[in-house]
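Trainee: I'm new to this one. Could you walk me through it, one question at a time?

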Amino acid sequence: PRYDEYHNFGSTSKFPAYMAAGVPVLVTNRYAYICELVSKYGVGFQFKTHGEVAEIASRMTNAEYQTLRRNALELGKKVRDGYFFKTAVARAMERLGAK
């Protein structure tokens, strides 16, 4: 459990690099936050056991991979352009009553 906690937070710092490169991700469902991002943006697959990885990879079609790749590139562009940072600052300022 302590390793999972470390990897859950440490993996989030690597996530944008994979997105910027257009590389879909396979993530264990023990990393709740990253799984949420993967599902929300359609940039990869989740797995419970490492044995599932080969099954997921073997049944993935080229079209599915290209869709995941396109989604990853789009998300990576948003990250590079500062979309999420700008949105967070704008929401914080709005809550503080600043315009």
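Trainee: Is Phe 84 buried, partly exposed or exposed, and what does Phe 84 count as?

Mentor: Happy to help, and do keep in mind that this is a predicted model. Buried would need under 20% relative accessible area and exposed over 50%. Phe 84 has 31% relative accessibility, so Phe 84 counts as partly exposed.

Trainee: Which kind of aromatic pair do Tyr 41 and Phe 84 form?

Mentor: A pair of aromatic rings is described by the distance of the centres and the angle of the planes. For Tyr 41 and Phe 84, the centres are 6.1 Å apart and the planes are at 85°. Planes over 60 degrees apart count as edge-to-face. The pair of Tyr 41 and Phe 84 is therefore edge-to-face.

Trainee: How many residues apart are Tyr 41 and Phe 84 in the chain?

Mentor: Tyr 41 belongs to helix H2, while Phe 84 belongs to helix H5. Their pair links distant parts of the chain, and the separation is 43 residues.

Trainee: Why is the pair of Tyr 83 and Phe 84 edge-to-face?

Mentor: Here the ring centres of Tyr 83 and Phe 84 lie 5.0 Å apart. The pair is edge-to-face because the planes of the two rings meet at 85°.

Trainee: Which residues do ring pairs link into a cluster?

Mentor: The structure holds two aromatic pairs. Tyr 41 pairs with Phe 84, and Tyr 83 pairs with Phe 84 as well. The cluster linked by ring pairs is thus made of Tyr 41, Tyr 83 and Phe 84.

Trainee: Which residue has its charged end over the ring of Tyr 83?

Mentor: Tyr 83 is partly exposed, with a relative accessible area of 41%. A charged end sits over the ring of Tyr 83, 4.8 Å from the ring centre, and that end belongs to Lys 78.

Trainee: Which helix gives the most residues to the largest nonpolar core?

Mentor: That core has 12 residues in all, among them Phe 15, Val 25, Ile 34 and Ala 72. Helix H1, strand S1, helix H2 and helix H4 each supply at least two of the core's residues. With four residues, the one that gives the most is H2.

Trainee: Which residue just after H5 takes a positive phi?

Mentor: Helix H5 covers residues 83–95 and reaches 18 Å from its first C-alpha to its last. Just after H5 comes a positive phi of about 85°, taken by Gly 97.

Technical notes:
Residues numbered from 1 in each chain as written. Predicted model: local features only at pLDDT ≥ 70, side-chain atom pairs only at ≥ 80, totals over all residues. Heavy atoms only, no water. Core = buried A, V, L, I, M, F, W, Y, C linked by side-chain atoms within 4.5 Å. Buried < 20%, exposed > 50% of the residue type's maximum accessible area, 1.4 Å probe, protein only. Expected span 1.5 Å × (residues − 1). Phe/Tyr/Trp six-rings, centres within 6.5 Å; stacked < 30°, edge-to-face > 60°. Lys NZ or Arg CZ within 6 Å of the ring centre and 35° of its normal.
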